[in-house]
Amino acid sequence: MVAKLYSHQEEALGLLQSGKVLVGGVGSGKSRVGASWALSQADESKIIVITTARKRDSLEWEGEFAALGADFEEVTIESWNNISKFDDCCLNVFIFDEQRVVGSGAWVKSFLKIVENNQWIMLSATPGDVWLDYVPLFIANGYYKNRTEFAERHIVWDRFAKYPKVKRYLDTGLLEARRRKILVPMPAERHTRRNRSYILMEYDEEMYESIAKKRVDPWTEEPYRNAAGVCYGLRKCVNSDRSRVDHIRLVARKRKKLIVFYNFNYERDILLELRDEFNVAEWNGHNHEPIPSTDSWVYLVQYTAGAEGWNCVETDTIVFYSLNYSWKILEQAEGRIDRINTPFTDLHYFYFFSESGIDSAIRKAVQEKGVFNERIFAHNL
């Protein structure tokens, strides 16, 4: 039986054309719509999907094409890391899964070569924060020849900055109009509610103050060399407090199945202590374990490795052991359980934080949809 699209997906599909970016929230079904569009343009052997390594390895895209009655074995699915393999492709249909063409690096160069001779669309929940993020997409749609032309027409640089810094953008009305032409929004009526709880954790205030003042690592007794080192030390002091793992035990006993997101290896070491009581599996840069098929479990996920590109409809609970610097990453992480096909209505997110200066600054940055800046924070200590 071939899967049917929801009404919001059908509407978006009707607006899709080559060169467009399908914009939908995490879990809105962008992959299903992207696969439907590609199949309307060419047979399976001509379709190439560029996606995250995890989605490639999990066979999620194969499932999308199979649900539409297509021969998924004919579709080429590869990760962004290998995009250069397709630089010389012609007359194919590409789906670029997630926005990875920001800046001017190797992926952007390959992307611009590919779109010259192929049909393509992009799928993204967050296509860009600033106008510079859209430059490769504008070039791909023929609005500018290159990055230099865009800069000459739209950017006033800050002459007093030590590095290239945008002071302001010019003719933003034109940029708004061009962005509207390439974006296809796909708003979805969700049946879920995101319930966020912010849980106050303890921390060693004396150690924290010592690190902030002396700029010396209390574990190695070596001085920190830069702002990143200072912030890492402050975060390790805060995130290592036993109150965090103890509270996870309480949540796990009550909710039975939960995903735990974390940042650092030392956090993982602490979290692995949960094995003495719970069925624990993990996904990080080294271990790629599936979610346990048992009645209760704790699934440990490192942000960089697993904030996107997979989903789980077996639980309604995520614990954020420590905050990530980026609001985008946190939004993507929340979306792992907020899917169209989840059986749950109320989803529960537990954010752990302390009253320390660094936790407060990170929390403020992400709530304002920004990115925490280590250099500025360390300078102002």
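## Q9 in helix α1

Q9 is buried, with a relative accessible area of 3%. The model described here is predicted. Q9 belongs to helix α1, which spans residues 7–15. Its side chain comes to 3.4 Å from the backbone oxygen of G29.

G29 is also one of the residues that Q9 touches. Leaving aside residues up to four places away in sequence, the full set is S28, G29, R32, V33, M186 and I340. R32 appears again below, as a salt-bridge partner of E64.

## Salt bridge R32–E64

Side chains of opposite charge can pair when their charged atoms come close. The structure holds 24 salt bridges. One of them joins the side chains of R32 and E64, at 2.5 Å from N to O. This pair links distant parts of the chain. R32 sits in helix α2 (residues 30–41), E64 in helix α4 (residues 60–67), and 32 residues separate them.

Is each partner buried or partly exposed? R32 has 22% relative accessibility, so R32 counts as partly exposed. E64 has 14%, so E64 counts as buried.

## Salt bridge E334–R194 and its network

The side chains of E334 and R194 also meet in a salt bridge, with an N to O distance of 2.8 Å. Here too the pair links distant parts of the chain, 140 residues apart. E334 lies in helix α14 (residues 327–334). R194 lies in strand β9 (residues 193–200). A helix and a strand are thus the two elements involved.

E334 is buried, at 2% relative accessibility. R194 is partly exposed, at 22%.

## Salt bridge E282–R268

E282 forms a salt bridge with R268. Their closest N and O atoms are 2.6 Å apart. E282 is in strand β11 (residues 280–283) and R268 in helix α12 (residues 265–271), so the bridge ties together parts 14 residues apart in sequence. Both E282 and R268 are buried.

Which residues are joined into one network by salt bridges that share partners? They are R194, R196, E331, E334 and D338. The E334 and R194 pair described above is part of this network.

## Packing of α9 against α10

Two packed helices are described by the angle between their axes and the distance between the axes. Helix α9 covers residues 205–214, and helix α10 covers residues 227–239. They pack at an angle of about 175°, with their axes 9 Å apart. Angles over 145 degrees count as roughly antiparallel, so α9 is roughly antiparallel to α10.

From α9, the contact draws on M207, Y208, I211 and A212. From α10, the residues are V230, G233, L234, C237 and V238. What is the character of the residues in this contact, by nonpolar, polar and charged? The division is 8 nonpolar, 1 polar and no charged. Gly counts as polar, and G233 is among the residues of the contact.

## W157 in strand β6

W157 lies in strand β6, residues 155–157. At 40% relative accessibility, W157 counts as partly exposed.

W157 touches A151, P164, K165, V166 and K167, again leaving aside residues up to four places away in sequence. How far apart are the C-alpha atoms of W157 and R168? The separation is 7.1 Å, for two residues that are 11 residues apart along the chain.

Conventions: Residues are numbered from 1 along each chain as its sequence is written. This is a predicted model: local features need pLDDT of at least 70, side-chain atom pairs count only at pLDDT 80 or more; totals for chains, interfaces and linings use all residues. Side-chain values use heavy atoms; hydrogens and water are left out. Axes are lines fitted to C-alpha atoms, for helices over the stretch in contact, and angles run from 0 to 180 degrees between N-to-C directions. Helices (H or I, at least four residues) and strands (E, at least two) are DSSP runs, numbered from the N terminus. Angles under 35 degrees count as roughly parallel, over 145 as roughly antiparallel, 65 to 115 as roughly perpendicular and the rest as oblique. Contact means heavy atoms within 4.5 Å. A salt bridge is a side-chain nitrogen of Lys or Arg within 4 Å of a carboxyl oxygen of Asp or Glu. Buried means under 20% relative accessible area, exposed over 50%, partly exposed in between (1.4 Å probe, protein chains only). A polar contact is a pair of N or O atoms within 3.5 Å; within protein, one must be able to donate a hydrogen and the other to accept it, and residues adjacent in sequence count only if both atoms are side-chain atoms.
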